Amino acid sequence: MRLLDRVAIRFHILGRAVSDMISEQQMSRELFRRDYRVGPGNLRQILDDLVAETLLTQDQRLIDGMMQNVYRATPAGRMELGRDRRLLSKLTHEVFGDAVPPAPSGLVVDAPGHSVLSSMLAVQVPASQRDCRKAPEQGRSLAHRR
């Protein structure tokens, strides 16, 4: 799994866990709907890491007749999400400037105001902006991101 994918998934999990208690199965289905291809082992590892970092709490609840792990953001998790949102906003502005490209067509948002990191990361960058060999006066080089 790419590092950026892992970070995006962590961000998404924290965003959901701030507003709702979530189970692994719910999170897995939601990530799949948003085109994240994360296996159960990788998802479990990310959740375990967030619990170890005290960003999430873990509990067990009876859901649909089965005991399942459920997660909720801690106060530290809420603070981390706020810092991550500010950092992502800053990064988006640094990379795209004032002309942030529109979100891809067909983007699905579950609820009004619900943060969707996948929409921010799936933005299509025009080929002219991807070329790292450009002269600085033609546009900002993205070589520092590689």
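Let's start at one pair of residues in this predicted model: aspartate 59 has valine 70, in strand E3, as its bridge partner.

**The strands**

Aspartate 59 lies in a strand called E2, which covers residues 56-63. Eight bridges join E2 to E3, and these two strands run antiparallel. Another of the pairings is between isoleucine 63 and methionine 66, the latter in E3. Two residues sit between the strands of this hairpin, and aspartate 64 there takes a positive phi near 50°.

Valine 70 has a second neighbour to look for: serine 23 stands opposite valine 70 in E3. Strand E1 is made of residues 22-23 and is joined to E3 by two bridges, again in an antiparallel arrangement.

Here are three of the pairings, ready to find in the structure.

| Residue | Bridge partner in E3 |
|---|---|
| Serine 23 | Valine 70 |
| Aspartate 59 | Valine 70 |
| Isoleucine 63 | Methionine 66 |

**The nonpolar core**

Which residues have the most contacts inside the largest nonpolar core? They are Ile9, Ile13, Leu31, Leu43, Leu50 and Leu56, and the core as a whole has 21 residues. Two or more residues come from each of helix H1 (3-19), helix H2 (24-33), helix H3 (40-52), strand E3 (66-73) and helix H4 (75-96). H1 gives the most, with six residues. A wider tendency fits here: in soluble globular proteins, nonpolar side chains tend to be buried together.

Leucine 43 is a good residue to zoom in on. Leaving aside residues up to four places away in sequence, leucine 43 touches Ile13, Glu24, Met27, Ser28, Leu31 and Val38.

**Two helices that cross**

How do H1 and H4 lie relative to each other, and what is the angle at which their axes cross? The axes come within 10 Å and cross at roughly 130°. Because of that angle, H1 is oblique to H4. The crossing of H1 past H4 is left-handed.

To see where the two helices touch, find Phe11, Leu14, Gly15 and Val18 in H1. These residues meet Gly77, Arg78, Glu80, Leu81, Asp84, Arg85 and Leu88 in H4.

Methods:
Residues are numbered from 1 along each chain as its sequence is written. This is a predicted model: local features need pLDDT of at least 70, side-chain atom pairs count only at pLDDT 80 or more; totals for chains, interfaces and linings use all residues. Side-chain values use heavy atoms; hydrogens and water are left out. A nonpolar core is a set of buried Ala, Val, Leu, Ile, Met, Phe, Trp, Tyr and Cys residues joined through side-chain atoms within 4.5 Å. Buried means under 20% relative accessible area, exposed over 50%, partly exposed in between (1.4 Å probe, protein chains only). Helices (H or I, at least four residues) and strands (E, at least two) are DSSP runs, numbered from the N terminus. Contact means heavy atoms within 4.5 Å. Two strands pair if DSSP finds at least two bridges between them. Axes are lines fitted to C-alpha atoms, for helices over the stretch in contact, and angles run from 0 to 180 degrees between N-to-C directions. Angles under 35 degrees count as roughly parallel, over 145 as roughly antiparallel, 65 to 115 as roughly perpendicular and the rest as oblique. A crossing is left-handed if the near helix is turned anticlockwise from the far one by less than a right angle, and right-handed if clockwise.
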